Each structure stands twice: as structure tokens, then as C-alpha cells.
Amino acid sequence: MNHYAGATTSRRGNAPVCDLRSDTVTQPDDAMREAMVAAELGDDVFGDDPTVTRLEETLAERTGKEAGLFLTSGTQSNLCAMLAHCGRGEEVIVGRDYHVFAYEAHGASVLGGLALCPIAVADDGGLDPAAIAAEVKPNDSHKPVSRLLSLENTHNGKPVSLVRMGVAISAARKAGLSVHLDGARAFNAAAALGCEVADLAAPVDSVSLCMSKGLGTPAGSVLVGPRDLITKARRWRKMLGGGMRQSGVLAAAALHALEHNAPRLVKDHDRAADLAALLRDLNAGDVTQATNMIFFTPANGENDALRARLAEHDVLILGGSSGPIRIVLHRGVDDLAYDRAIAAIRSFYG
Ligand SMILES: Cc1ncc(COP(=O)(O)O)c(C=O)c1O
């Protein structure tokens, strides 16, 4: 079952659908398409696609790391990172609700023989240093070898502060672990924390950055880290079938997004805050919001009725018949679509 299914187009008739299910639904705008068409291309498996190389170098420089690697997706990027950091029988300590543990089909175990050790994620999206320390295994042949801590920022839209990341990283370093950051939405985190992505990257060894979420490209993620780690990850990417050829066409979209779309993420955050405030004003239920995401549990189990009413207005949201509904703001929501979402929500509660 695909939990994300529901609409395959961003337009119905003449009216743009207001698709609030995820920031992954963003489509390239005309300027991004032009950049893609104009991209200088080569064969990246031969190492001669200049646009891919430029993207990898740009993000390595921007994050203060030695090297970068362009991959097909965030899942592939996290997987290649874990496989590059760890060998068979070694262990990754990770938040139980983090994407790496909860939504990546345990690829690192299936394909790489790694153990994934889940620990509780705190309310603020961070990991408790004591919980990390408690899961680091002693040097004992009965146990896997703890090798890596995998963090996530943002987590469910929550930006995890540098201080909060720092205490978890210190616990990992004390135990001799390397640290990976799933920064699928690190640009959102940096915008919300008022820092640079380089500040999030500085204390960790590797970072996975998604280009196809709030940044709005059709596909692709970039893994950054030390050169030897990226060389290993490149080999894993090839084994996983992720060696792409004229992928400069996608890298051009990412370069365009870094320049034009990263600076406007705060607009998504502001709109999410406004929409969350409206839901609270309407006494619509339990509402939490951070960066571009709202999690919202309608009162009286009105989930299906609300989703159906919004769908009548071509407004799409994600969630089951009970529990939290997720609403995500992104650059694919133009002013008209946003106003329609507001009107539809008001009409339901009015
Ligand atoms: C936090 C986080 N990490 C990783 C991923 C995986 O990205 P992809 O869908 O490109 O595999 C996602 C996807 O939504 C995500 O939210």
C-alpha cells in the first residue's frame, strides 16, 4: 500500500491542486527547466559530467567537507553513507522514528549486514546522550561492533538545535563512533535555526542533503564527507545501480535550487506558522508546527470528513482515518492554492 497515493498531477482542469501532502511533490518551474535544458552534460560514471562535478564540489565547499557524491535519492544516500562508514556485523545507533530506521526498509541490514540499533527520539527531535551511551556495545564477541551514530535534522519538521546535536555527538565521540546526519531537510533546519548548513555539518562526519524536497528538484540527493568515505560511497552507489550517466540534467536543477529556492524556505515556514495559528484559532484540534510541517490531530476523529471536504476544493493532505494529519508547505503552493486551502479549512470549521 502506498500511503502517499492520492493525486498524480499538480493540476486538475484549470485550477492548480493545492498538494499539501509533502514537499516532495514540488515540480520544476520554468526557470529550473531552462537550467536543466541548458546544462552541460557528460557521462558521470566516466567522471566527466561537469555539472554533476560542479554540484558535488559546490555542496562539499558549502558544508566544509572534502568531497560530495550525487545520488538518486535520500534513501540511497543514507544507505551508501552507512555502508561506507560500517562493515558487516557493525552497528548503527539511530532514532527509532528517524527515516533511516523507520522508512528505509532496513536496507543497511538487508544489503550490508549492518545492525540497526534504535533508540527513543526526544520530543524536540534530538537523541538523549545517555541513551546513546547505554547502547554502545562492549568489546564482546556476543555483540555487534558499535560504529556509527545516525542523526536527523529536521525531524518531522522540527529543527534540532546545534546544542542538542552537540550533546548527542559528544556521547558518540566519547565511544569512538563516527556520526552521519540525515539532513534531508538540513536547509530548512538551518533557515529555522538562523545558522548555515555548514554549522550543522561541522560536528558530523557525513551529511545527506536532499535536493528534491523543499528545494524543489525532480530527484537527487548529495552526500558530503571526507574524501575516502565518499570514494567508498561511490563504489556502493555503483553496486546499488545508482551510477547515472548524463545526470547533469538533474544536477543543474539542484544548482539552480541552491541559488534560488534555498533562500525562500523561510516563506514556507512562515506560511506553515500562519496555517497552524488558524487551525488553533478554529479550535480544530491538537496542532504542532515547526519549519514547513504541521501535524494536526482533528478533534472528534473528523479526519476522513476533513480530508474529503478539502479534496472537494482540490486541497490534498496526508494521514489516516485517525491520529495526526500532516500538512506540508512548499514552493509548489502558489498564492491562489494557499488561499484556497485556507478557505476550504474555514468552510469545514465555519
Ligand atoms: C528525513 C528524511 N530522510 C530521508 C528521506 C528519503 O528521501 P527519498 O524519498 O529521496 O529516498 C526522507 C523522505 O521523505 C526524509 O523525510
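Colleague: What makes β4 and β6 the edge strands of the open sheet of 7 strands?

Modeller: In this predicted model, the strand order is β4-β10-β9-β8-β7-β5-β6, with mixed pairing. Strands β4 (67-71) and β6 (115-119) each pair on one side only, and are therefore the edge strands, since pairing requires at least two bridges between two strands. Neighbouring strands of this sheet are turned by 20° against each other on average, direction ignored.

Colleague: How do you know that β7 and β8 pair?

Modeller: Two strands count as paired if at least two bridges lie between them. Strand β7 (residues 145-152) is joined to β8 (residues 178-183) by 5 bridges, so the criterion is met; the two strands run parallel. Leucine 148 has serine 178 in β8 as its bridge partner.

Colleague: Which strands does helix α10 touch where it packs on the sheet?

Modeller: Helix α10 (residues 227-239) touches β4, β9 (206-210) and β10 (221-225), and its direction makes about 20° with that of β4.

Colleague: Why is the largest space, of about 50 Å³, called a cavity?

Modeller: The term cavity applies because a 1.4 Å probe fits there but cannot get out. The volume of the largest cavity is about 50 Å³, and its lining includes Tyr98, Leu151, Glu152, Arg164 and Leu181. Helix α7 gives the largest share of that lining, 3 residues.

Colleague: How does the lining of the largest cavity divide into nonpolar, polar and charged residues?

Modeller: The lining holds 7 nonpolar, 3 polar and 2 charged residues. Glycine counts as polar, so Gly125 and Gly126 in this lining fall in the polar group.

How values were computed. Residues numbered from 1 in each chain as written. Predicted model: local features only at pLDDT ≥ 70, side-chain atom pairs only at ≥ 80, totals over all residues. Heavy atoms only, no water. Helix = DSSP H or I, 4+ residues; strand = E, 2+ residues; numbered from the N terminus. Axes fitted to C-alpha atoms, helices over the stretch in contact; angles between N-to-C directions. Contact = heavy atoms within 4.5 Å. 1 Å grid on protein atoms, 1.4 Å probe; cavity = no way out; pocket = protein on both sides within 12 Å on 5 of 7 lines; lining within 4 Å. Points joined across faces, edges and corners; volume = space filled by probe spheres on them.
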